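Here's a quick tour of one helix and of two hollow spots in this protein. Have the sequence and the model open as you read.

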Amino acid sequence: MSVSVPAIGTRDAKRLISRARVLYDDARSITGLPDRIAAAVRAQHAKLRADLVSQRLAQMPVADLSHFAERAPQGLRHLAGEGYTSVASVLALPVPRLQTIKGIGPKSAAAIAEAAHRARAAVDQETTVRLDAGRPTSGHTSLLRSLRLLRATNQIVVRAAGPRQRLTSQLQRRIAEAGNGGSRLRVWFSRPPAREQLQRALTGLAEALAGPDATALTSAYTACDAADTESQRAPESEVWGDFKQHPAEYQTLLANVLGAGKLAAADLGHIPRAVANEARAVALDLTALTAVLRNYQVFGAQYVLSRRGAILGDEMGLGKTIEAIAVIAHLSRASRLRCLIVAPASVVLNWLEEISTHSRLSAVKLHGADRADEVSRWITDGGIAVTTFSTLRRLQLPPDLRLDLLIVDEAHQIKNPQAQRSQQVGALAARAGRVLLMTGTPMENHVREFRNLVRYIDGPLADRLLPHDNAFVDQITFREKVAAVYLRRNQEDVLDDLPKIIRNDDLVALEAPEARVYAEAVAGRCFDDMRRAAYDGGPDSAKIVRLREIVVESAENGWKVLVFSRYLRTIGAIESALAKTPHVVVTGADTGSRRAAQKLAWFTGHGGHAVLIGQIDAVGQGLNLQAASVVILAEPQLKPSTEDQAIARAQRMGQTVRVRVHRLLAKDTVDERIEEILEQKRRAFDAYARDSAAKRLDARAVDPTYLGLEIGLAEQERIINTEARRLGT
């Protein structure tokens, strides 16, 4: 009987199975790459921290040991006399050696040793490794390189998750079916059905190895190798430059690695364990997300997804928007997710930018002249849409429209159930599969308003809440009672490792009145009028609206606010907008006068929330406004040092209060042109200041003013010309 020759010969079969096994092993090992890099990060961090602790102990005088004992140990002066002048030198001495020093007996030696160990424990507890671009060391640079590699590898592995899972399952099955398919004897003596089955297995392996999943996985492995090489070879200036562009992302990554998934009660918003466990059971899918989430942000997204409706009340600056985008990213696994985001007009552009920047998703704006066409496409195709409270009532939405997710930003704006906007949102919420209300305003002090928000989600729970402000004893009791719908975390509880300045660029779009003013300023070729235009459209100008929102939220949290502008006319518009807010205005006319001192004293001494509106050149230099924790820059300045000096007025308060900085920028205006030019100048300056030997010869070399960082008259002319061409004027 003749035996048919297999389509895939034994030699090719051996090579095929060998390749399949290698790829299978690669597919399994690639998921462990981030863990291995994270382990290296932890080791580097531990070494830096240990070195820092040793350095501080070496700098701590031996006399300070008296602070770490109930009574000052006898014989400390004898230690100094023998040359043991630091706590580090004492720690290196065993107790028997201490006893040999003249004047120190057994009891004194034991007391000194105990005090030294207490000192080391205290220093160890207080020591934090901070990444500081202003003071880079080789150890910090190495840590940063590893974090850079971890960030890149995480993104590669997440993108390859789908292909890896499908390929490993397919290869495992086909390899098992092929068995020892490369054995000539096995093929020769097998029965025809077995040979056919073997051929099918080998053909399946060949198809899998040539398929898109294998290609994607091979590319991912190659990309990981390239990222490893790049992280090691990238110039130091490039590594630190990337950190300066994405500081929060690096800090988040480091915190997550060191925390290793641990969450404190504050990270969980002090909610009951049963509710927290429900949330943590959600297997969050962040494949569509490009941002790095802190552990508390991961939990926030899990919490929202674990229930039909939720109020996310995290304090301003904790990243509620990113948490919401993580929720959308998880739900985007559905083929036709329909999500609507309703927000104040002042933050619509921020939403679009954040979704584009931090995810692989896209969103449309249902606002403006072309909204009817966008609404029609969105209703048909689904996806993410962003609109405003005022536009919502003009949208032609089908009465039976079903939403998978409704997100309401600045949800305290719908606290009045009688308002038209509240009723419109309520109608949408009733037809939504999920509802997420977001507000940075603390609800603990406004139970009546909170009850109105809860009603959008859980009517029976709202009925059980008492309507007066003294319904609960304290914040934790309040949060436990309403944990089914409300999650709030405070910055001071969960962000103790972040820099003391949190920066936000608030992007707004000009409305029709200020857009006309802006076009006239461009036509008139007046650079200053172009910079002021965003405030010259009346009380509802986009920047005025956003500024009021920041001030209102600051008032709810009891924060004092500094508002800086270059222009007196802008200051006047801002003062009018904040007429009902406790405030004071300081301009150049007040500089050095008793009147200025009185105004500053009032601002500092005023109990609770207050606003100081200042001319940036007058208030931004030489003053220490320690009472403020929020800084609003009304327009971008032509020289970065001007902004830095203004922010420093609040930052000088030390290590007790975090400063939140909001820079108000108008889209498609001179603001963006200024930012583009300054960014180019910053990069050039960073490269020069970091790499040039000149900085070691002359301190002025690192002063931006000596490198022409300020936007001069010639560049202002170029900006005017650019805007004139864009507007056709």
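## Helix H28 and two hollows

Helix H28 (residues 568-577) has Thr-570, Ile-571 and Ile-574 as its buried residues, where buried means under 20% relative accessible area, exposed over 50% and partly exposed in between, with a 1.4 Å probe and protein chains only. They span an arc of only 100° around the axis, so they sit on the same side of H28; the arc is taken from the directions from the helix axis to the C-beta atoms. On the face turned away from that buried side you'll find the exposed Leu-568 and Ser-576.

This is a predicted model, so local features need pLDDT of at least 70 and side-chain atom pairs pLDDT 80 or more, while totals for chains, interfaces and linings use all residues. Residues are numbered from 1 along each chain as its sequence is written, and side-chain values use heavy atoms, without hydrogens and water.

Now the hollows. On a 1 Å grid over the protein atoms alone, a cavity is a set of points where a 1.4 Å probe fits but cannot get out, and a pocket is an open set with protein on both sides within 12 Å along at least five of seven lines; lining residues have an atom within 4 Å of a point.

| Hollow | Volume |
|---|---|
| Largest cavity | about 40 Å³ |
| Second largest pocket | about 980 Å³ |

The lining of the largest cavity includes Leu-510, Tyr-518 and Met-530. The second largest pocket has 32 lining residues, with Asn-154, Val-158, Asn-256, Leu-286 and Val-298 nearest its centre.

Notes:
Helix = DSSP H or I, 4+ residues; strand = E, 2+ residues; numbered from the N terminus. Points joined across faces, edges and corners; volume = space filled by probe spheres on them.
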